[in-house]
Amino acid sequence: MRGAVLHAPGDIRVEEREVPRIVAPTDAVIRLSAACVCGSDLWPYRGVEAVDGPVAMGHEYVGIVEEVGDEVKTIKPGQFVIGSFFASDNTCGICGAGYQSLCVHRELVGGAQAELLRVPLADGTLVATPGVPADDLIPSFLAASDVLGTGWFGAVAAQAGPGRTVAVVGDGAVGLLAVLAARQLGAEQIIAMSRHAPRQKLAREFGATDIVTERGDAGIARVKELTGGLGAHSVIEAVGTQESMLQAIGSTRPGGHVGYVGVAHDVTLDGQELFFSHVHLHGGPAPVRQYLPQLIDLIWNRRINPGKVFDLDLPLDKAAEAYRAMDERRAIKALLRP
């Protein structure tokens with residue numbers, strides 16, 4: 001089968017890979033309907049994360065189940081399913097607390113930019129839709145497999161809700177869908193921090209009430225100006241850099257909450273400054289599986305349309321262009337069709 005492989009920074013190739021098969025009796029193999037490039041895929045693509053030999057890329061996926069292992073009970077061939085980037089049994093004590101991304105049996109699901117994918121722990125990882133969806137819903141279901149679930153977790157971790165002001169640091173797919181999540185959770189005021197007109201427009205469509213173009217100390221000052229000098233109740237950090245984390249904490253009022261979901265790279269915090277900020281920090285790899293049933297219901301009933309974050313739609317063979325477009329910020333998020 002064909003699949004995208006990263007050989008070195010900037011070197012993505014679509015080439016023949018081994019066809020996935022059932023390895024453990026709890027596995028499923030799905031034929032992918034769509035996959036995509038994630039912002040976190042750009043870290044190794046740019047050489048920020050080391051690439052140790054050829055790596056099969058992709059961890060966001062939707063598709064039709066082709067085969068299941070002997071111990072799989074709830075997932076069946078022919079179902080359209082969505083899963084998370086971490087496989088989980090959904091039964092351990094950590095999963096029960098809602099943190100399936102840290103399941104005691106978790107496995108990273110990789111190699112999804114391909115025609116077929118093996119998913120471990122299928123019963124705990126995959127969630128089926130009520131039926132095979134219409135084609136126009138597939139991008140939204142694909143968003144649910146990571147960026148929507150991650151933005152949703154960021155909003156929940158930041159305790160976005162009625163009567164609260166939310167600020168979102170980062171205007172990539174996760175940040176934009178954190179805006180959508182904050183609106184769905186009932187936030188009163190939503191401040192999107194963005195310098196890019198197309199992303200600002202989409203943020204407005206998803207529910208942003210204010211746009212802040214400034215960064216750093218100027219961005220913090222502007223958020224405080226919009227919030228009576230206090231800062232936001234809830235701030236979602238969706239980038240993962242030192243600047244974005246400090247901007248998020250600085251934009252939060254005392255007693256407020258930061259939900260951080262950007263994969264951190266070289267982020268260090270001053271303990272004394274944090275101590276005296278009275279800011280709550282919560283985040284990490286999103287437990288997407290926790291939110292999938294709710295998100296599937298919202299999408300299936302067309303109450304939300306997170307698939308709007310895909311502004312580039314390409315065949316799998318054009319994966320290299322998808323990476324280039326996102327790296328050069330010509331695209332918010334690129335969808336790949338096997």
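## Notebook: pockets, helices and a hairpin

I started with the second largest pocket, whose lining is made up of Met1, Arg17, Pro20, Glu107, Leu108, Val109, Gly110, Gly111, Leu116, Leu117, Arg118 and Pro120. Two elements give two or more residues each to that lining, β8 (107-108) and β9 (116-119), and β9 gives the most, with 3 residues. The space in this pocket comes to about 150 Å³.

Before going on, I noted that this is a predicted model, where local features need pLDDT of at least 70 and side-chain atom pairs count only at pLDDT 80 or more, while totals for chains, interfaces and linings use all residues. Residues are numbered from 1 along each chain as its sequence is written, and side-chain values use heavy atoms, with hydrogens and water left out.

For the terms, I worked on a 1 Å grid over the protein atoms alone: a pocket is an open set of points with protein on both sides within 12 Å along at least five of seven lines, a cavity is a set where a 1.4 Å probe fits but cannot get out, and lining residues have an atom within 4 Å of a point. Grid points are joined across faces, edges and corners, and a volume is the space filled by probe spheres set on the points. Helices (H or I, at least four residues) and strands (E, at least two) are DSSP runs, numbered from the N terminus.

By class, I got 7 nonpolar, 2 polar and 3 charged residues for the pocket lining. Here Ala, Val, Leu, Ile, Met, Phe, Trp, Tyr, Cys and Pro count as nonpolar, Asp, Glu, Lys and Arg as charged, and the others, Gly among them, as polar.

Next, cavities. I found 1 cavity of 30 Å³ or more. Its lining consists of Val168, Gly170, Asp171, Gly175, Leu176, Val179, Ala192, Met193 and Ser194. α6 (173-184) and β12 each supply at least two of the lining residues, and the largest share, 3 residues, is from α6. The class split is 5 nonpolar, 3 polar and 1 charged.

Then helix α7 (residues 197-206), where Arg199, Gln200, Leu202, Ala203 and Phe206 are buried (under 20% relative accessible area with a 1.4 Å probe, protein chains only; exposed is over 50%, partly exposed in between). Down the axis of α7 they fall within an arc of 165° (taken from the directions from the helix axis to the C-beta atoms), so they line one face. Ala197, Pro198 and Lys201 are exposed on the face turned away from it. The buried residues of α7 pack against α6, β12 and β13 (contact means heavy atoms within 4.5 Å). Just after α7, Gly207 has a positive phi of about 130°.

I did the same for α8 (residues 216-226), where Gly216, Gly219, Ile220 and Val223 are buried. They sit on the same side of α8 because their arc around the axis is only 100°. On the other side of α8, I have Asp217 and Glu225 exposed. The cover over the buried residues of α8 includes β12 (189-193), β13 (210-212), β14 (232-237) and α9 (242-250). Gly228 follows α8 with a positive phi near 65°.

Last, the strands. β1 (residues 2-8) and β2 (residues 11-16) pair antiparallel over 6 bridges (pairing needs at least two DSSP bridges), and Leu6 has Ile12 in β2 as its bridge partner. Their hairpin has 2 residues between the strands, and Gly10 takes a positive phi near 80° there. β1 also runs antiparallel to β4 (residues 55-56), joined by 2 bridges, with Ala56 in β4 as the bridge partner of Val5.
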